[in-house]
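Q: I have a model on the screen and would like to learn how to read it. Could we go through some features one by one?

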Amino acid sequence: MTKRSMSLLGRACALAVLACLLPAIAQAHMVARPVSWVLDGTRFDSVLVYDDAVRTLRPGLVMVPNWHGVNAIAIDKARMIAGQDYVILLTDMYGAAIRPRDDAQSMAAIRPLMADRALMRRRIGHALAVLKAQAGSAPIDLARLAAIGFCFGGAAVLDLARSGADVRAVVSFHGNLTTDDPARARAIHAAVLAMNGADDATTAPDFTGFMDEMRQAPAPWQFVVIGHAVHCFTETEATSPTGMCRYDPAAARRAYSLMRQWLANSFAPGAP
């Protein structure tokens, strides 16, 4: 056999192998699977998001979106964050019957939870239990669990930390920082990262109180104030050029980078 014919045969074999692999590659995609449960007589419809191209186990994250709740924008955001790195349970905190269509409806949806933080803790705690239960059908590493939240969702995941939940880390993006009981910080086991905009008039009055609260926490914590950012700085749909709710691409990139670093450090062997 000549060198030319051997070369042609080698290329043919390579093409044959690629042809065999292409169907598998084409089938790999981001899963967005409905996950529902009933708590206190209310049905909750959430979404489990992950890339099924990755076979290895990866960290599981409870993700609570902003006050607009579970919608197409929130699912796209969960896909973006999950990538090939995390399995995310995008969590319905309101119940399946409540899907806000505007800010007024969103305010009405969060009001009962902000007024009853025990109810908030019960709902977010149950979501964590549901995420753990998905380990039989999704590639979740139960030794690496965390929670992330945005705006109202930031309040929810901070309350999960205050409940003493067994998660390695909690990350809040431009979240509400208030609590019904600052002493609950003493029960925090998770490493807490909170990131808020320096010019966020909606949360800035709570900065000092939050830091005073967190000084009681036995776990690592960090509070990052991002210069020139206001509220909603990761929310791509917040396109108004003025006002207190504005997407800031630079602030969002920095915050996501800090999140990934914080999670990686918290999941590392021997991390406190």
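Q: Which element gives the largest share of the lining of the largest pocket?

A: First, a caution: this is a predicted model. In it, helix 3 supplies the largest share of that lining, with 4 residues. The largest pocket holds about 450 Å³ of space. It is lined by 22 residues, and those closest to its centre are Trp67, Cys151, Phe152, His231 and Cys232.

Q: Ser106 is in helix 3. Is Ser106 buried or exposed?

A: Burial is read from relative accessible area, and under 20% counts as buried. Ser106 has a value of 0%, so it is buried. The helix that holds Ser106 spans residues 103-115.

Q: What is Ser106 in contact with, leaving aside its neighbours within four places in sequence?

A: Its contacts there are Trp67, His68 and Pro100. Of these, Trp67 also appears among the residues closest to the centre of the largest pocket.

Q: How many disulfides are there?

A: The test is distance: two cysteine sulfur atoms must lie within 2.5 Å. The count comes to 1 disulfide. Cys232 and Cys245 form it, with 2.0 Å from S to S. The two cysteines are 13 residues apart, and both sit in the loop between strand 8 (221-226) and helix 7 (249-267). The angle about the S-S bond is -110°, and the link is left-handed.

Q: Are the two ends of this link buried or exposed, Cys232 for one and Cys245 for the other?

A: They fall into separate classes. Cys232 has a relative accessible area of 5% and is therefore buried. Cys245 has 37%, so it is partly exposed.

Q: Why is Cys151 not bonded to the closest cysteine sulfur?

A: Again the sulfur distance decides. The closest cysteine sulfur belongs to Cys232 and is 4.5 Å from that of Cys151, so the two are too far apart for a bond. Cys151 is itself buried, because its relative accessibility is 8%.

Q: Where does Cys151 lie, and what is its phi?

A: Cys151 is in the loop between strand 5 (140-150) and helix 5 (152-162). Its phi is near 55°, a positive value in a residue other than glycine. His228 also has a positive phi, near 70°, and is not a glycine either. His228 is placed in the loop between strand 8 and helix 7. With 69% relative accessibility, His228 counts as exposed, whereas Cys151 counts as buried at 8%.

Q: Which way do the side chains of strand 4 point?

A: The general idea is that side chains in a regular strand alternate between the two faces of the sheet. In strand 4 (residues 87-90), Val87 and Leu89 point one way, while Ile88 and Leu90 point the other way. All four residues are buried.

Q: Which way does strand 4 run relative to strand 2 and to strand 3, parallel or antiparallel?

A: Each pairing is read from its bridges. Strand 2 (residues 42-51) is antiparallel to strand 4, and 3 bridges join them. Within that pairing, Val49 stands opposite Ile88. Strand 3 (residues 58-64) is parallel to strand 4, and 4 bridges join these two. One partner pair there is Met63 and Leu90. To get from strand 3 to strand 4, the chain passes through helix 2 (residues 72-82), a β-α-β crossover that is right-handed.

Note on methods:
Residues numbered from 1 in each chain as written. Predicted model: local features only at pLDDT ≥ 70, side-chain atom pairs only at ≥ 80, totals over all residues. Heavy atoms only, no water. Buried < 20%, exposed > 50% of the residue type's maximum accessible area, 1.4 Å probe, protein only. Contact = heavy atoms within 4.5 Å. Pairing = 2+ DSSP bridges. Right-handed = clockwise from strand over helix to strand, strands pointing away. 1 Å grid on protein atoms, 1.4 Å probe; cavity = no way out; pocket = protein on both sides within 12 Å on 5 of 7 lines; lining within 4 Å. Points joined across faces, edges and corners; volume = space filled by probe spheres on them.
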